[in-house]
Amino acid sequence: MYPGDGVRRSAARRVTEQVESIAQGVAQRVIDLVVESLDMNALIAQIDLNAVLARVDLNEVVDRIDLNQIVDQLDVNRLMARVDINQIVSQIDIEALVKNTDLGAIMVSSSSSLATEAVDQGRSHAVSMDDTLARWVSKIRRNHTGRAEPPKLPNTPEEP
């Protein structure tokens with residue numbers, strides 16, 4: 001190595017650093033001027049959005065969406081006000097609904113519970129009428145002891 005090589009390299013390095021710094025400043029200024037002069041609407045109009053969207057993985061985009069956050073922001077009352085219930089009901093296939101419903105079982109269940117209620121009601125009225133008749137018989141017989149004793153059933157085991 002020659003004695004003056006170190007000084008030359010040091011000077012070359014300083015000049016190079018200054019030139020690079022100036023070049024970066026000029027490049028940044030040129031970029032700023034170009035961006036400021038661009039008509040963004042015209043630029044966007046030239047972009048083929050179908051080509052851009054073809055490169056987008058929509059599953060990845062959907063995975064990033066927080067549906068709970070979206071639902072929390074919904075005004076449910078306002079949303080329901082926009083729903084046309086009559087239109088929804090008009091689309092229901094009543095005949096198919098009736099076919100898929102076991103009306104026979106519903107009618108049997110309903111009629112059996114009605115029959116049970118009717119029998120229970122009849123028994124209740126019979127007991128009430130029995131009490132009323134017993135009081136009348138007691139009054140007619142002038143038996144003031146209250147209700148007449150029920151008749152004894154034949155062949156009933158005696159209590160010890």
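**Helices and salt bridges in a predicted chain**

Guide: The chain holds nine helices and zero strands; helices (H or I, at least four residues) and strands (E, at least two) are DSSP runs, numbered from the N terminus. This is a predicted model, in which local features need pLDDT of at least 70 and side-chain atom pairs count only at pLDDT 80 or more, while totals for chains, interfaces and linings use all residues. Residues are numbered from 1 along each chain as its sequence is written, and side-chain values use heavy atoms, with hydrogens and water left out.

Visitor: What percentage of the residues of the chain count as buried?

Guide: Buried means under 20% relative accessible area, exposed over 50%, and partly exposed in between (1.4 Å probe, protein chains only). Of the 160 residues here, 2% count as buried.

Visitor: How many salt bridges does a search of the whole structure find?

Guide: A salt bridge is a side-chain nitrogen of Lys or Arg within 4 Å of a carboxyl oxygen of Asp or Glu. The search of the whole structure yields two. One joins Glu 60 to Arg 64, with the closest N and O atoms 3.1 Å apart. In the other, the side chains of Arg 123 and Asp 120 meet at 3.9 Å, N to O.

Visitor: Where do Arg 123 and Asp 120 lie?

Guide: Both belong to helix 9 (residues 103-140); because they are three residues apart, about one helical turn separates them.

Visitor: Which of these residues are exposed, and which partly exposed?

Guide: Arg 64 is exposed, at 67% relative accessible area, and Arg 123 is exposed at 55%. Glu 60 is partly exposed at 42%, and Asp 120 is partly exposed, at 42%.
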